Amino acid sequence: MDKKQDVIEREEVVVRFAGDSGDGMQLTGTLFSDTSAFLGNDLSTFPDYPSEIRAPQGTIGGVSGFQVHFGHRQVNTPGDYADVLVAMNPAALKANAKWVKSGGTIILDEDSFTPRGLKKAGYETNDPIKEDHLEEFNIIKAPITTLTKEALKNLDLDQKSILRSKNMFALGMVYWLFERPLKYTEQFFERKFENQPKIIEANKRVLEAGYHYAETVELLTPTYKISPAEIEKGTYRNIDGNKATAWGLIAASEKSDLELFCGSYPITPASEILHELALRRDFGVKTFQAEDEIAGICTALGASFAGSLAVTTTSGPGLALKSEAIGLAIMTELPIIIVDVQRGGPSTGLPTKPEQSDLTQALYGRNGESPLVVLAATTPSNCFHYAFTAAKIALEHMVPVILLTDGFLANGSEPWKIPQMSDYPNIKPPIVPRGEKEWMPYARDPEKLARTWAIAGTPGYEHRIGGLEKDELTGSVSHDPQNHEKMVYLREEKVNRVVRDVPNQQVEGSQEGDLLLVGWGGTYGHLKTALDELRKEEALKIGLAQFNYIKPLPANTGDIFNRFDKILVCELNRGQFMDYLRMNHPKFNYLKYNKIQGQPFTTIEIKEHVKKLVEVNHYG
Amino acid sequence: MAENTKYIDTKETSPSPKDFKSDQEVRWCPGCGNHAIMNAIQKALPHMGIPREKFAFISGIGCSSRFPYYMNTYGFHGIHGRATAIASGTKTANPDLSVWQITGDGDSMAIGGNHLIHAVRRNVDINIVIFNNEIYGLTKGQYSPTSKLGAKTKSSPYGTIENPFHPGELIIGAQGRFFARSVDTNMNLNQEIFLEAEKHKGTSVVEIAQNCVIYNDKTHAEITNKKYKEDRQIVLRHGEPMIFGKNRDKGIVLEGLKLKVVELGKDGYTEDDLLVHDATLKDPGIHLMLANMQYPNYPVAVGVIRAVKDETYERKLENQIRQVKEQSEFGCVDDLLHSGNTWEVK
Ligand SMILES: Cc1ncc(C[n+]2csc(CCOP(=O)(O)OP(=O)(O)O)c2C)c(N)n1
Ligand code: SF4
């Protein structure tokens, strides 16, 4: 390929595909990410789509976006601002122009910028560029719809199918721009449409047409070149958080030698965990699509009673419905994993948008004194590790575990160095060996305080459990006041003892200094990027502690906080983790930084905030 | 009396009834119908040929739901209304267990109504025994979804204004394959029904008219009173004509699209005209009519009204797992992790 323009060597680039929710932007973005990953770039993606399946076409409400950040060094976030925006219609431009870096490139489907389209998108004039002050951007108007039709002229396809493939034209253009080969995407068409040769042909033609168009018109300036990332050796794949969660659970099933049972009810953004588990009948996974969330967790509890590795998956509103049954799991001390893929709340809130506001619900949202273990995954790929760990803790400590992820992790994807299962530990639940004498249902292991598990069906251990308070040893119903108080403390202490299995909290960046950024869950990428950039650009003495273990907190939590002058707790809620930290480690003075917009943090806003705080320290 | 002609005459194959009693003190009110039902279950279990550890008794919340504590088997006293879901999970996870759900009319049909109809629809092989006392016992006397229209209770001091559910109609309407009905005091018939329920693969629902001596005494008296029960109940047995009455002189015939009570020897009706009970009919039409018969127009049907063979949920699931496993390219999780698009970084 011979290009006239200068090729700009870049460390990293952010591309955002935006169009109507019917335009196939999620697929376009995914294909682009996959190709970049195959070329050895590190990347991070952020799909951002409306909760309506088909919001009114051409309106802002119906805009669906997919952002990919890729580079030749480690990429931790999908990026704040895009270098290139593809806007398939005026609404997509209107909604996304503010996310383009100044001087960035905007590719438009000129054909959709009709007076009617502009009006629908809320433009008041017929010149969106002027109206939105986009003159300094590199605007590329391409007649994408017309050229797509042209490319498919003699293929005898219906109009709808023709229009549906215009996203591939845009993708072809972007491939040219970044010198990406078409072959991975073409292979995808061949697999996906195995029995529809015409569709394969159409997609290839349009993709190539876009690519050649970009090449011939030579209006694309400048082009970018991204070298492969400098990443660890190994075999990689792309993975999103929901799939990683499902696979982590399957891995735990293998390592514990227990059948995996998932009782669940679909809810965005958690449903794909159920989908993925349902596919895995070949691993003996039993998925039970229940009539509601309550039945979902109750079937799982029943399965736990029968000796399965029991799981239920949900999002905030579903977790609310499950709370009574979680109490039952706490009382009966049966192992169960409850995955909560958080989204904006309260109530149905923002179904497709990330938020971290279920923390308080996870910790306390039940009647009575009802402690359990709470974990949070921090990247799409480490959902695998924490789903596995949740299962290990639940099974070995005979305790319910809530695993928190969120919509950002669930749908976001990144390259993942595939682990070896031989590097993962075995899971050894305290199942009573056959023929044990003098067994009592609620007698405990003195270390962990876990009771032993007599699985229904095992001869000699017939016993009864239930939600009523029970005698400390026999498990018989007990209303004895002293016994109840003792049991309340026992159940709390049992959860606290999990701390012995919790690794020390790591601090990234400075190990002591002016300010410690504290986060938990899915904000890791943004906080880490802000940390790295602040340290590099401003030479600040700051560190980052991103928590995966919420309850119990890692044993060294207080020690870490001691080493910094300021502690800034950053969360996508009003400060739930900060409140919790203040309760557990009251001697520190916590500052907080919160965002509750159904959007992830941007690196820039975190940096700005931190700079203000640290400056105050220097001069104030 | 008609229903006493059949006994459990098979040999006990596992521990005796007393081995099924736990060491817990039974704390139902003296005279409560629950005692008799539990006795019948404890008597029936040894005849099922199932070792004790394979029984799991699962319940929700209510007086009747205390049942599992009194059984020396595996037991799970759950939360209000959710026993059906817990039982479904237990059976799905381990199809070798004989899973029994003990529930009240409030537990199964009010708060747990949704779970009940869905278990029946799926046909999970659990045995659901509904202790129907037409009242909330444990919470001290509020009306339930089966209370008769107009019933005066603590929460309906002026009489209910809600139509009751008829469990049989609800269950058969939800594609139930097995429905039986009985009365708490009828020990022999109950044992027989429990054996049939266990033999039936799929969800079996047994409704038992149970007397709550404290909050709803004699609510079923109209059909259970010794003086006239033979005239007001008909015992249905598969393959036998529908005869009833103290003198076995009444029967049921089908006339047009309706059931009709006739007197034998009157208007030319003989035993040959009577309907012969076929519990295995797939079409629910007649079963629904039989389940819906109500005093005073009809005798109330007891016995196994419907028992239709069908594949169970958990067996279908096991089959699906076997089939998918056979075709799978994966032997272990490592294979799964490496499936699809992967690439090497060197
Ligand atoms: C979530 C919840 N709501 C309400 C209750 C209170 N409650 C306990 S038992 C019961 C009704 C019991 O009636 P039924 O199921 O007919 O059983 P019975 O006591 O008559 O055997 C109610 C309302 C509860 N325990 N849990
Ligand atoms: S209140 Fe009624 S149902 Fe409950 S134990 Fe007493 S008699 Fe039985």
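Chain B is built from eleven helices and twelve strands, while chain A has 21 helices and 23 strands. Keep in mind that this is a predicted model. Here's a quick tour of the two chains, followed by a look at the nonpolar cores.

**Chain B: overall build**

- Measuring along the principal axes, the C-alpha trace of chain B spans about 95 × 45 × 45 Å.
- A compact globule of 346 residues would have a radius of gyration near 20 Å, so the 22 Å of chain B agrees with that expectation.
- Some 56% of the 346 residues in chain B count as buried.
- If you take the contacts in chain B between residues at least 6 apart in sequence, 66% of them join residues at least 24 apart.

**Chain B: surface and charge**

- Chain B has an accessible surface of about 15000 Å², and 49% of that belongs to carbon and sulfur atoms.
- Chain B carries 41 positive and 42 negative charges, and the mean positions of the two sets are 4 Å apart.

**Chain A: overall build**

- The C-alpha atoms of chain A fill a box of roughly 85 × 70 × 45 Å along the principal axes.
- For 620 residues, the radius of gyration of a compact globule would be near 25 Å, so chain A, at 27 Å, agrees too.
- Of those 620 residues in chain A, 64% count as buried.
- Among chain A contacts with a separation of 6 or more, 77% come from residues 24 or more positions apart.

**Chain A: surface and charge**

- Chain A exposes about 23500 Å², with carbon and sulfur atoms supplying 49% of it.
- The 68 positive and 82 negative charges of chain A have mean positions that lie 1 Å apart.

**Nonpolar cores**

- The largest nonpolar core holds 159 residues, and the ones touching the most other members are Ile550(A), Phe561(A) and Phe577(A).
- Helix H15 of chain A (residues 382-397) gives this core its largest share, ten residues.
- There's also a second, separate core of 49 residues, with Val13(A), Ile144(A), Val174(A) and Val206(A) among them.

**A closer look at Phe577(A)**

- Setting aside neighbours within four places in sequence, Phe577(A) is in contact with residues including Leu359(A), Val518(A), Gly519(A) and Trp520(A).
- Other contacts of Phe577(A) include Phe547(A), Ile550(A), Leu553(A), Val569(A) and Glu571(A).
- Ile550(A) therefore turns up twice if you're browsing the structure: Phe577(A) contacts Ile550(A), and both are among the core residues that touch the most other members.

Notes: Residues numbered from 1 in each chain as written. Chains lettered and ligands numbered in written order. Predicted model: local features only at pLDDT ≥ 70, side-chain atom pairs only at ≥ 80, totals over all residues. Heavy atoms only, no water. Core = buried A, V, L, I, M, F, W, Y, C linked by side-chain atoms within 4.5 Å. Buried < 20%, exposed > 50% of the residue type's maximum accessible area, 1.4 Å probe, protein only. Helix = DSSP H or I, 4+ residues; strand = E, 2+ residues; numbered from the N terminus. Contact = heavy atoms within 4.5 Å. Rg over C-alpha atoms; globule rule 2.2 N^0.38 Å. Areas by Shrake-Rupley, 256 points an atom, 1.4 Å probe, with all protein chains shown as cover. Lys, Arg positive; Asp, Glu negative; His and termini not counted. Charge placed at Lys NZ, Arg CZ, Asp CG, Glu CD.
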